[in-house]
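I set out to record what I looked up in one protein structure, entry by entry. The notes follow the order in which I consulted the model.

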Amino acid sequence: MAPRLQLTSVTLGCPDAAALANFYARLLGGEPNPSDPGWAQLSTESDGGRFTVNFEFEEQWTPPVWPAEPGHQFASQHLDILVDDLPAAVDHALACGARLAPHQPQESVRVMFDPAGHPFCLFL
């Protein structure tokens, strides 16, 4: 019989854990919890339950390129964020410090970049 396993969080590598945790706290709400200079955590709660994002300092950080290009660091994961008003969510993300990706592959999704360069999607 297999032991109980429960996925609780995702960890993003970055050049500044506290700064990225603060960005996502402004974007999503919640209070970041930096535990040391190389680690921070943000837990958010919504109707869908609780989700935690961890931020870990990476000394050799290279921002990913999206969409992927041969010979460049690519995004091996991204966060998907459900919104109820896409234009308002994009404006909010921009005000928090995100950038809009030049390439937008779908009408009901907006690909954004956080301050460290990770892509994330706002979607309806």
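The entries below deal with the sheet, the aromatic rings, the pocket, the cysteines and two places in loops.

**Entry 1: the model**

I noted at the outset that this is a predicted model. I kept this in mind for every value that follows.

**Entry 2: the sheet**

I asked in what order the strands of the open sheet lie. The sheet has 4 strands in the order E4-E7-E6-E5, and its pairing is mixed. I then looked up the edges: E4 and E5 are the edge strands, each pairing on one side only.

I went through the strand pairs in turn. E4 and E7 run parallel and are paired over 4 bridges. In this part of the sheet I found Leu79 opposite Phe120 of E7. E6 and E7 are antiparallel and are joined by 5 bridges. Here Val109 stands opposite Phe123 in E7. Strand E5, residues 99-100, pairs with E6 in the antiparallel sense over 2 bridges. Arg99 has Phe113 in E6 as its bridge partner.

I also examined the connection between E6 and E7. The two strands form a hairpin, with 5 residues between them. Gly117 lies in the turn and has a positive phi of about 100°.

Is strand E6 largely enclosed or not, and why? I found that 4 of the 5 residues of E6 (residues 109-113) are buried, so the strand is largely enclosed by the rest of the structure.

**Entry 3: the aromatic rings**

I reminded myself that a pair of aromatic rings is described by the distance of the centres and the angle of the planes. How many aromatic pairs does the structure hold? It holds 4 aromatic pairs.

I looked up Phe23 and Tyr24 among them. Their ring centres are 4.8 Å apart and their planes stand at 80°; angles over 60 degrees count as edge-to-face, so this pair is edge-to-face. Both Phe23 and Tyr24 are buried.

Tyr24 also pairs with Phe55, and this pair is stacked, with 5.7 Å from centre to centre and 20° between the planes. The pair links distant parts of the chain, since Tyr24 belongs to helix H1 and Phe55 to strand E3, 31 residues apart. I checked the accessibility of both partners. Tyr24 has a relative accessible area of 1% and is buried. Phe55, at 0% relative accessibility, counts as buried as well.

I recorded finally that ring pairs link Phe23, Tyr24, Phe55 and Phe120 into a cluster.

**Entry 4: the largest pocket**

I noted the principle of the search: rolling a probe the size of a water molecule over the atoms shows where empty space is left. The largest pocket contains about 550 Å³ of space.

Which residues lie nearest the centre of this pocket? They are Leu28, Thr44, Ser46, Ile81 and Leu82, out of 20 residues that line the pocket. I listed the elements that give two or more residues to the lining: helix H1 (17-28), strand E2 (39-46), E3, E4, helix H2 (86-96) and strand E7 (119-123). I then sorted the lining by class and obtained 11 nonpolar, 5 polar and 4 charged residues.

**Entry 5: the cysteines**

I recalled that a disulfide is a covalent bond between the sulfur atoms of two cysteines. I found 0 disulfides in the structure.

Why does Cys14 form no such bond? The closest cysteine sulfur to that of Cys14 is in Cys96, 17 Å away, which is too far for a bond; a disulfide needs sulfur atoms within 2.5 Å. Cys121 gave a matching result: its sulfur is 17 Å from the closest cysteine sulfur, in Cys96, too far for a bond.

I looked up the burial of both residues. Cys14 is buried, at a relative accessible area of 0%. Cys121 is buried too, at 12%.

**Entry 6: two places in loops**

I turned first to Pro67, which is placed in the loop between strand E3 (49-57) and strand E4 (79-82). The peptide bond from Trp66 to Pro67 is cis, and its omega is near -10°.

I turned next to Val83, in the loop between E4 and H2. Is Val83 buried or exposed? At 15% relative accessibility it counts as buried, because the limit for buried is under 20%. The C-alpha atoms of Val83 and Leu124 are separated by 5.4 Å, although the two residues are 41 residues apart along the chain.

Methods. Residues numbered from 1 in each chain as written. Predicted model: local features only at pLDDT ≥ 70, side-chain atom pairs only at ≥ 80, totals over all residues. Heavy atoms only, no water. Buried < 20%, exposed > 50% of the residue type's maximum accessible area, 1.4 Å probe, protein only. 1 Å grid on protein atoms, 1.4 Å probe; cavity = no way out; pocket = protein on both sides within 12 Å on 5 of 7 lines; lining within 4 Å. Points joined across faces, edges and corners; volume = space filled by probe spheres on them. Nonpolar A, V, L, I, M, F, W, Y, C, P; charged D, E, K, R; others polar. Phe/Tyr/Trp six-rings, centres within 6.5 Å; stacked < 30°, edge-to-face > 60°. Pairing = 2+ DSSP bridges.
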